[in-house]
Amino acid sequence: MAEEYPSLFRSEEMSLIQLYVHTEVAHDTVAEVAALGNVQFKDLNPDVNAFQRSFVGEVRRIDEMARRIRFFSTQLAKANASHPDHPIPIRSLEDTPIISITGPRAQTMRDDLDSTLTQHEERLAQMNESYSTLRERERELLEAKEVLRSTKGFFERAASIPSEIRQSIDDGTQPLLSHEDREAQVSAGDGSQFDFEFVAGTINRERLPTFERILWRVLRGNLYMNHTDITQPFVDPISGVSTYKNVFIIFAHGSTLLAKIRKVAESMGGTLYPVDASAGKRMDALKEVGARLEDLSNVLVRMESSRDQELKVLGENLKGWESVVNREKRVWECLNLWSYDASRKTLIAEGWAPTRDIVRIQAALRHAQEASGASIAPLLHILPTPHNVQPPTFHRTNKFTEAFQTIIDSYGVASYQEVNPALFATVTFPFLFAVMFGDVGHATLMTVAAALMITFEKKLAKADTGEIIGTFFYGRYIILLMGIFSIFTGMIYNDIFSKGMHLFHTGWTWPHKEGSITAVPNGHTYPFGIDPTWHGADNSLVFINSYKMKQSIILGVIHMTFAICLQLPNYLHFGENSSIWAEFVPQILFLHSIFGYLVIMIIAKWCTDWSSPSITTSPPNLLNMLIYMFLSPGTINEKEQMYAGQGFVQQLLLYIALICVPWMLLAKPYLLWREHKNKMGRGYRTVGHGQNGEAREADDEIIQGEEEGEGHAEAESEEHFEMGEIAVHQIIHTIEFCLGCISNTASYLRLWALSLAHAQLSEVMWDMTMAKALGPTGWQGVLGLVFIFVMWFQMSVGILCVMEGLSAFLHALRLHWVEANGKHYRAGGYPFVPLTFNFVEVVGE
């Protein structure tokens with residue numbers, strides 16, 4: 001039986017379930033189970049491709065509905081982008097009435113929704129097409145209007161200039177602007193008359209220089225060209241790209257040259273417009289174009305109004321339709337994973353579910369039957385889990401523990417029922433962070449920021465805060481604990497923005513002397529944390545460095561010891577009793593015979609009053625002591641001996657550490673070899689290994705036979721046992737642990753290094769800013785103080801809180817992933833991914 005309450009200590013107990021569902025209630029059954037979100041279904045058709053599954057038609061239909069909704073979303077986005085001052089409102093999903101996808105009318109609802117989406121798409125597509133056609137016509141009329149205006153201006157300027165065209169004596173040579181076949185003649189300023197032959201139109205402004213060069217070469221200079229800029233850009237109604245154009249008018253002699261001009265202009269993307277040489281006809285054409293533009297503008301206004309009304313209807317219902325399509329897609333995709341029994345018209349499903357949720361699943365199945373009005377109820381069977389199949393790993397989390405679990409899962413998903421490090425990381429992670437970040441002032445800012453995110457978490461959860469702010473919001477409870485723990489360690493370090501806090505009576509007194517003075521004890525003991533007198537002392541850095549370095553070693557050994565101890569509940573739970581004596585015991589002895597002894601000596605050195613007359617030895621250098629413990633076993637410098645028999649104890653501990661190496665190297669392979677021989681001697685053979693949760697061959701027939709009361713004999717094969725592979729693996733594991741104890745202990749010195757860096761950087765920032773601003777007086781001093789304070793505060797938040805905080809976060813993460821989890825965490829599982837409707841919208845994919 002499962003435990004009464006969920007716990008993070010181990011993953012949830014999982015059960016392999018099998019469902020028999022009649023086809024008429026299958027859709028509602030999946031919908032009800034997905035609403036619970038606690039069943040992970042297996043694919044019972046792994047050899048069938050996606051196009052040959054039972055419900056591929058329904059999936060395609062839902063995909064087409066999703067395409068239409070994406071089309072509506074795109075149109076709404078374009079409309080709002082083009083009119084940012086008057087956006088079309090889109091009703092949120094929370095304000096939209098929930099549309100049920102279960103019940104007797106579910107099929108009718110899907111048909112109606114499909115029909116509604118089709119009608120809206122047809123109407124909107126027709127409106128878009130008509131709108132684009134009208135916009136294109138408007139563009140043509142605007143270009144024609146600009147051409148008429150430009151040609152009118154050109155002819156008016158030409159009429160005001162006296163003609164200087166020389167009449168040629170040669171009858172075969174005529175002026176460029178004269179043609180004997182033209183009947184329309186205009187009178188120049190001096191009374192002479194000559195004919196006009198020209199081509200007018202528009203062309204893209206970027207292509208105009210190329211257009212001029214081509215014409216000059218093709219016509220060999222036999223042309224006269226004039227062009228003007230159109231200031232108003234032309235916007236493409238489909239792409240929304242703005243284009244700038246120019247009006248051109250080209251005069252040439254003869255129909256052949258005019259034909260060449262037209263071909264070149266059309267090949268360059270130009271648009272030609274007919275313009276009459278008569279001024280009166282040009283004025284009439286200009287008035288006609290203006291009238292047509294006015295009528296077209298009125299039609300466009302009405303068209304935009306109708307289109308906006310259609311988009312408003314879509315905005316009111318879009319999120320509700322998205323929700324329905326998303327849920328339907330999940331349902332039909334899940335049904336394609338099930339096996340269909342045509343003889344019984346029944347769908348068979350298998351999957352994993354938390355054992356404690358079986359009752360809720362059965363209630364959901366009954367509700368599905370009642371909602372659909374079906375006469376046959378779905379059946380649920382709990383199947384025995386094969387011994388070689390590992391269930392998925394599921395940790396039931398809440399908004400507080402979710403972020404911590406994510407940190408551990410990023411390293412690797414725990415094996416099924418393995419001890420979960422996330423439970424202990426809720427304390428150890430913020431504490432190790434605080435050891436590196438200890439400062440009451442900076443930690444208070446961090447705590448306030450996290451408290452504000454937690455206070456307004458409902459509003460922030462709905463808002464689009466972006467990726468960076470969203471990441472901080474996701475870890476708001478981690479930030480809160482890191483801030484609280486950092487306040488505690490800041491009290492220990494007696495640091496608030498790099499300054500000391502005189503909360504209690506100091507234990508030191510400064511004599512009133514000139515020059516360099518030395519503080520003397522006054523009989524008091526500072527009750528909590530470092531005495532504030534150390535702040536400002538010349539040897540404060542030496543003292544605090546020594547304290548923090550030794551503290552890092554102590555915390556590191558404790559943390560690694562705790563991590564190794566987590567092996568014990570795993571071995572006991574999985575019945576690996578031999579590993580307790582072959583791995584757990586020698587690892588504990590090896591670690592503590594060296595570094596555990598070092599921790600005891602550190603604490604003993606701290607607790608010894610070396611100024612007492614009864615102490616005849618000097619304080620030992622513990623690093624040298626540890627080195628000579630290996631180089632000269634049993635030899636102790638009498639001037640630094642801390643207790644009687646120290647040489648013998650250190651020699652004994654060294655021998656214990658040396659014995660643990662072959663113990664770890666040989667014991668486990670021997671025990672596994674002996675266990676294998678005993679099995680072979682008794683004639684037992686084990687079933688061939690499977691993989692994580694994957695069905696064996698013929699699993700369906702085997703399980704079906706079990707449920708129908710038919711016994712079956714599993715094909716047995718000898719378990720693969722290779723002594724060489726086991727020995728090599730154990731050698732690697734032993735070397736890794738022994739070297740890791742040394743390197744990992746040294747790795748915890750990062751606690752000292754980052755704490756020192758944070759304190760020193762904070763002190764330098766204070767001395768370079770606020771310390772200099774507190775001296776001046778008067779209004780100038782006040783203004784300077786305000787300016788410096790703002791700059792100091794921004795630097796404190798940006799550099800010391802954010803950047804230093806991220807650095808400490810990453811180092812704490814490494815200590816948990818490598819130094820701690822590497823001692824016990826197997827991380828050989830795969831996550832529990834249930835069918836649920838709580839997902840990112842798939843319509844937008």
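User: Which residue in E9 stands opposite phenylalanine 198?
Analyst: This is a predicted model, where local features need pLDDT of at least 70, side-chain atom pairs count only at pLDDT 80 or more, and totals for chains, interfaces and linings use all residues. Residues are numbered from 1 along each chain as its sequence is written, and side-chain values use heavy atoms, leaving out hydrogens and water. Strands E5 and E9 (residues 245-251) pair in the antiparallel sense over 7 bridges; pairing takes at least two DSSP bridges between two strands. Opposite phenylalanine 198 in E9 stands phenylalanine 251.

User: How many residues of strand E5 are buried?
Analyst: Strands are DSSP runs (E, at least two residues), helices are runs of H or I with at least four, and both are numbered from the N terminus. Buried means under 20% relative accessible area, exposed over 50%, and partly exposed in between (1.4 Å probe, protein chains only). Strand E5 spans residues 198-204 and is mostly covered. Its buried count is 6 of 7.

User: Which residue in E10 stands opposite glycine 201?
Analyst: E5 also pairs with strand E10 (residues 271-273). The sense is antiparallel, over 3 bridges. In E10, the residue opposite glycine 201 is leucine 272.

User: How far apart in space are glutamate 146 and glycine 201?
Analyst: Glutamate 146 lies in helix H3 (residues 106-159). Beyond its neighbours within four places in sequence, glutamate 146 is in contact (heavy atoms within 4.5 Å) with Ile230 and Val247. Glycine 201 is 55 residues from glutamate 146 in sequence. C-alpha to C-alpha, their separation in space is 9.2 Å.

User: Which residues do ring pairs link into a cluster?
Analyst: Rings of Phe, Tyr and Trp (its six-membered ring) pair if their centres lie within 6.5 Å; planes under 30 degrees apart are stacked, over 60 edge-to-face, and the rest tilted. By this rule there are 33 aromatic pairs. Such pairs link a cluster made of Phe154, Phe155, Phe198, Tyr224 and Phe251.

User: Why does the pair of phenylalanine 424 and phenylalanine 562 tie together parts that are apart in sequence, and how many residues apart are they?
Analyst: The two rings lie 5.1 Å centre to centre with 75° between the planes, which is edge-to-face. Phenylalanine 562 is partly exposed, at a relative accessible area of 34%. Phenylalanine 424 sits in helix H9 (residues 422-437) and phenylalanine 562 in helix H14 (residues 540-565), so the pair ties together parts whose separation in sequence is 138 residues.

User: Which residue lies over the face of tyrosine 493?
Analyst: A charge sits over a ring if NZ of Lys or CZ of Arg is within 6 Å of the ring centre and within 35 degrees of the ring normal. Arginine 476 lies over the face of phenylalanine 473, at 4.2 Å from the ring centre. For tyrosine 493, the value is 4.2 Å from the ring centre and the residue is lysine 548.

User: How many residues of strand E12 are buried?
Analyst: Strand E12 runs through residues 346-354. Thr346, Ile348, Glu350, Trp352 and Pro354 point one way, while Leu347, Ala349, Gly351 and Ala353 point the other way; all are buried. The count is 9 of 9.

User: How many bridges join strand E1 to E12?
Analyst: E1 (residues 14-22) and E12 run antiparallel. Leucine 19 stands opposite alanine 349 in E12. Strand E2 (residues 40-41) also runs antiparallel to E12, joined by 2 bridges. For E1 and E12, the number of bridges is 9.

User: Which residue takes a positive phi in the hairpin of E11 and E12?
Analyst: Strand E11 (residues 339-341) and E12 run antiparallel, joined by 3 bridges. Aspartate 341 has threonine 346 as its bridge partner in E12. The hairpin has 4 residues between the strands. The residue with a positive phi near 50° is lysine 345.

User: Where is the kink in H18 centred?
Analyst: Helix H18 (residues 646-682) has 37 residues and reaches 52 Å from first C-alpha to last. That is close to the 54 Å expected at 1.5 Å a residue, a span taken as 1.5 Å times one less than the number of residues. A bend is the angle between axes fitted to the seven residues ending at a residue and the seven starting there. The kink is about 30°, and its centre is tryptophan 663.

User: Which helices do the buried residues of H18 pack against?
Analyst: The buried residues of H18 include Leu653, Ala657, Cys660 and Met664. The buried residues of H18 have three packing partners: H16 (577-607), H17 (622-631) and H20 (723-747).
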